[in-house]
Amino acid sequence: MGLKTYLGPALAALLVCTAITALAQTMSSARKDNVPLAVGAGFSGFNNPDYGGHLLGGTLWIDYSLPHMPRLLQGIGLEVEGRDLNYGRSATLPPNLRQDVASGGVIYSWPRYRNFRPYGKFLMGYGSIDYVGTNQVRYHDSRTVTSMGGGVEYRVFRSVWVRADFEYQTWPDFFKNTTPHGVLNPQGFTAGAMYHFGQSRSH
């Protein structure tokens, strides 16, 4: 099952946020610069320590910064993320191993220092995996996946930013031949670029 199969919620969120952007264009130029939406794409490399190898793939994300928040809560936003790891398998991995995750949650951005802005995030969503078992039978499974991570964004030019991101995932009850059931913990980095439709995250 590819990433595009279950990114409907992300696309719906993008359409809603695009509508918000269009409405904002009818406002004054001062407010037009504050549309709190960013869309990005990047390249991911994840290690699977439980399998002893790595996978490569692509990642898409949409960030929406919550406007008009109290001072203590400024920097909080929402993120929708989709990732498809299906390439560059190391030789130690099952030949058809594939991991897809679509998730959403909370992102917090600290105040910007010059052109740098660090952030942390907590996401929860749907994970899909294909693999070959020890009996050479092909399996497909799915889980509710939680992800924690963070990174730093760097402003390259006006509304264009680049992002370096680390993420640690938890797939519960994955290895059922252990007591208690073992957990799968993929973890890795994503490097990519994003476009901010406004400057609301420049706090």
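Q: What does "buried" mean in terms of relative accessible area?
A: A residue is buried when its relative accessible area is under 20%, exposed when it is over 50%, and partly exposed in between (1.4 Å probe, protein chains only). By that rule lysine 121 and aspartate 165 are both buried, and buried residues make up 42% of the 203 residues in the protein.

Q: How do you know which parts of the model may be used for such statements?
A: This is a predicted model, in which local features need pLDDT of at least 70 and side-chain atom pairs count only at pLDDT 80 or more, whereas totals for chains, interfaces and linings use all residues. Residues are numbered from 1 along each chain as its sequence is written, and side-chain values use heavy atoms, with hydrogens and water left out.

Q: What makes the meeting of lysine 121 and aspartate 165 a salt bridge?
A: A salt bridge requires a side-chain nitrogen of Lys or Arg within 4 Å of a carboxyl oxygen of Asp or Glu. The side chains of lysine 121 and aspartate 165 meet with N to O at 3.0 Å, and therefore the pair qualifies. Lysine 121 lies in strand β5 (residues 116–132) and aspartate 165 in strand β7 (residues 160–175), so the salt bridge ties together parts that are 44 residues apart in sequence; strands here are DSSP runs of E with at least two residues, helices are runs of H or I with at least four, and both are numbered from the N terminus.

Q: What makes lysine 121 and glutamate 167 a salt bridge?
A: Their side chains meet at 2.9 Å, N to O, which satisfies the criterion, and so the pair counts as a salt bridge. Lysine 121 is in strand β5 and glutamate 167 in strand β7, so this pair joins parts that are 46 residues apart in sequence. Both lysine 121 and glutamate 167 are buried.

Q: Why is arginine 143 called buried, and why is aspartate 141 called partly exposed?
A: The relative accessible area of arginine 143 is 13%, and so this residue falls in the buried class. Aspartate 141, at 22%, falls in the partly exposed class because its value lies between the two limits. Arginine 143 and aspartate 141 form a salt bridge, with the closest N and O atoms 2.9 Å apart. Elsewhere, salt bridges that share partners join a set of residues into one network, including Asp63, Glu79, Lys121, Arg163, Asp165 and Glu167.

Q: Why is glutamate 79 called buried, and what makes its meeting with arginine 163 a polar contact?
A: Glutamate 79, in strand β3 (residues 76–87), has a relative accessibility of 1%, and so it counts as buried. A polar contact is a pair of N or O atoms within 3.5 Å; within protein, one must be able to donate a hydrogen and the other to accept it, and residues adjacent in sequence count only if both atoms are side-chain atoms. The side chains of glutamate 79 and arginine 163 make such a contact at 3.2 Å.

Q: Why are the rings of phenylalanine 166 and phenylalanine 189 called a tilted pair?
A: Rings of Phe, Tyr and Trp (its six-membered ring) pair if their centres lie within 6.5 Å; planes under 30 degrees apart count as stacked, over 60 as edge-to-face and the rest as tilted. By this rule the count comes to 6 aromatic pairs. The rings of phenylalanine 166 and phenylalanine 189 have centres 5.1 Å apart and planes at 55 degrees, so this pair is tilted. Phenylalanine 166 lies in strand β7 and phenylalanine 189 in strand β9 (residues 187–196), so the pair ties together parts 23 residues apart in sequence.

Q: What kind of pair do tyrosine 195 and phenylalanine 197 form?
A: With ring centres 5.1 Å apart and planes at 80 degrees, tyrosine 195 and phenylalanine 197 are an edge-to-face pair. At relative accessibilities of 40% for tyrosine 195 and 37% for phenylalanine 197, each counts as partly exposed.

Q: How do you know that the charged end of arginine 117 sits over the ring of tryptophan 161?
A: The rule asks for NZ of Lys or CZ of Arg within 6 Å of the ring centre and within 35 degrees of the ring normal. The charged end of arginine 117 sits over the ring of tryptophan 161 at 3.8 Å from its centre, and arginine 163 lies over the face of tyrosine 119 at 4.5 Å from the ring centre.
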